[in-house]
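I am keeping short notes on a structure that is new to me. Each entry records what I looked up and what I found.

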Amino acid sequence: MTIILGIESTAHTFGIGIVKDGKILANVRDMYTTEQGGIIPSESAKHHERLFEELYKKAIETSKIKEEDIDAIAFSQGPGLAPCLLVGLRKAKELSLRLNKPVVGVNHCVAHLEVGKITGAKDPVMLYTSGANTQIIAYASGKYRVFGETLDIGVGNFIDNFARYSGIGFPGGPAIEKLAKEGKDYIELPYKVKGMDITLSGILTNLKQKVESGKYSKEDLAYSLQETVFAMLVETAERALAHTGKKELLLGGGVACNSRLQEMCKIMCEEREEKVKFFCPERSLLVDNGAMIAFLGEIMFNANSNIFTKENIKDLDINASERTDDIEVNWK
Ligand code: AMP
Ligand code: MG
């Protein structure tokens, strides 16, 4: 029996999850939001610091475990915003000292993929679309490899930035999805796929110019944004499926909450000659959360991977620009 507590603090969300033998016992979270403007990293970090005690108590209560039963503390080591990651690191170290238990450093992107397997996916291509990250990841030759990604901004940040420009607060994704449902006319936008990668900043500039022109409705712009950018994501995900020969597509990240993106992915999976199975976790596991950190933390703890004990904890640090393919995978 293993019980792992996981701490997520890479960006806007502070979350604590508890997992016992692959089963999620608690997954509590709170998100830093703003009425105007985007994330201010130092403010988001203060939010995380402020919420720790309350969420920690709530997670322990919900899971019905005793804190002495925790075998290790997992935390998001990277990638993410340094001030936010540092809160997670500090809390993990404090708990480690107090409970006399080791710390496991977990890669945030790989955690999204591993927890997605709760849906039944075994060896998927993951389309991971969140605020800061947009990657197509799959396991190949001993590592999680990035088969395609954004060359500039993440798709969530792209949507949020456009929403902000149109007078909507953060996060903009859900509001844009609602507006898009009211859109009627498709407005041509640049379509920017470069091999396996995509770029979004040119489309953002183009959209802003269209807002400025006053010629288009917000609804049509939101609709056209979704149709164009989601098609780019689906195209690159499909190419990764063809390239790897894998038969499962898994979604991860907050933007995957979007029902139109889910629908477009499903259609692609069904239309492929050799059918691809489509998997999408529930919302609480799509968005940033502590349960996924505990989930991968347990797998890594049992594989003795990236563990820090009293002897070496002074070497433990965050890795704000950690890459998915930097991770040594010794648990498969
Ligand atoms: P994450 O970083 O994975 O927690 O995801 C946060 C991002 O997901 C933000 O940029 C949100 O705007 C975006 N998001 C959340 N819900 C939706 C939605 N329904 N449609 C599009 N984007 C969304
Ligand atoms: Mg994420």
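Entry 1, a pair within one helix. I began with Arg 260 and Glu 263, whose side chains meet in a salt bridge at 3.0 Å, N to O. I note that this is a predicted model. Both residues lie in helix H8, three residues apart, which is about one turn of the helix. I looked up how covered they are. Arg 260 has 25% relative accessibility and so counts as partly exposed. Glu 263 is partly exposed too, with a relative accessible area of 40%.

Entry 2, the other salt bridges. How many salt bridges does a search of the whole structure find? I noted 16. One of them joins Glu 149 to Arg 323, with the closest N and O atoms 3.1 Å apart. This pair links distant parts of the chain, 174 residues apart: Glu 149 sits in strand S8 (residues 143-149), and Arg 323 in the segment after strand S13 (307-308). Glu 149 has a relative accessible area of 21%, so I entered it as partly exposed. Arg 323, at 30% relative accessibility, counts as partly exposed.

I then looked up Lys 247, which forms a salt bridge with Glu 274; their closest N and O atoms are 3.8 Å apart. Lys 247 lies in the loop between H7 and strand S11 (248-252), and Glu 274 in the loop between H8 and strand S12 (277-279), so the pair ties together parts that are 27 residues apart in sequence. Lys 247 counts as partly exposed because its relative accessibility is 37%. Glu 274, at 55%, counts as exposed. I also wrote down a network of salt bridges that links Glu 49, Arg 90, Lys 91 and Glu 94.

Entry 3, a lysine without a partner. Lys 210 lies in helix H6 (residues 201-213). I found it buried and without a salt bridge. Which side chain of opposite charge is nearest to Lys 210? It is that of Glu 188, 8.8 Å away. A salt bridge needs a nitrogen and a carboxyl oxygen within 4 Å, so a salt bridge is not counted at that distance. The backbone of Glu 188 is another matter: its oxygen lies 3.4 Å from a polar atom of the Lys 210 side chain. Leaving aside neighbours within four places in sequence, I listed the contacts of Lys 210 as Ile 187, Glu 188, Leu 189, Lys 215, Tyr 216 and Leu 221.

Entry 4, two helices that cross. I looked up helix H7 (residues 218-244) against helix H8 (residues 259-271). Their axes come within 10 Å and cross at roughly 40°. H7 passes H8 in a right-handed crossing. From H7, the contact is made by Gln 226, Glu 227, Phe 230, Ala 231, Leu 233, Val 234, Ala 237, Glu 238 and Leu 241. From H8, I listed Arg 260, Leu 261, Met 264, Cys 265 and Met 268. Arg 260 is thus in this list as well as in the salt bridge with Glu 263.

I followed up Leu 233, which is found in helix H7. Is Leu 233 buried or exposed? With a relative accessible area of 1%, it is buried. Beyond its neighbours within four places in sequence, Leu 233 is in contact with Leu 127, Thr 129, Thr 134, Ile 136, Val 155, Ile 198 and Leu 261. I also looked up Met 196: it is 37 residues from Leu 233 in sequence, and the two are 9.6 Å apart in space, C-alpha to C-alpha.

Entry 5, a serine in a loop. Ser 9 lies in the loop between strand S1 (3-8) and strand S2 (13-20). Why does Ser 9 count as buried? Its relative accessibility is 1%, and the cut-off for buried is under 20%. The side chain of Ser 9 reaches the backbone oxygen of Cys 84 at 2.8 Å. A polar atom of that side chain also lies 3.4 Å from the backbone nitrogen of Gly 88. Not counting residues up to four places away in sequence, Ser 9 touches Phe 14, His 48, Ser 76, Cys 84, Leu 85 and Gly 88.

Entry 6, a covered helix. Last, I looked up helix H3 (residues 108-116), which is mostly covered, with nine of its nine residues buried. Among them are His 108, His 112 and Glu 114. At the start of H3, a side-chain oxygen of Asn 107 reaches to within 2.9 Å of the backbone nitrogen of Cys 109.

Conventions: Residues are numbered from 1 along each chain as its sequence is written. Chains are lettered from A and ligands numbered from 1 in the order in which they are written. This is a predicted model: local features need pLDDT of at least 70, side-chain atom pairs count only at pLDDT 80 or more; totals for chains, interfaces and linings use all residues. Side-chain values use heavy atoms; hydrogens and water are left out. Helices (H or I, at least four residues) and strands (E, at least two) are DSSP runs, numbered from the N terminus. Buried means under 20% relative accessible area, exposed over 50%, partly exposed in between (1.4 Å probe, protein chains only). Lys and Arg count as positive and Asp and Glu as negative; His and the chain ends are not counted. A polar contact is a pair of N or O atoms within 3.5 Å; within protein, one must be able to donate a hydrogen and the other to accept it, and residues adjacent in sequence count only if both atoms are side-chain atoms. Contact means heavy atoms within 4.5 Å. Axes are lines fitted to C-alpha atoms, for helices over the stretch in contact, and angles run from 0 to 180 degrees between N-to-C directions. A crossing is left-handed if the near helix is turned anticlockwise from the far one by less than a right angle, and right-handed if clockwise.
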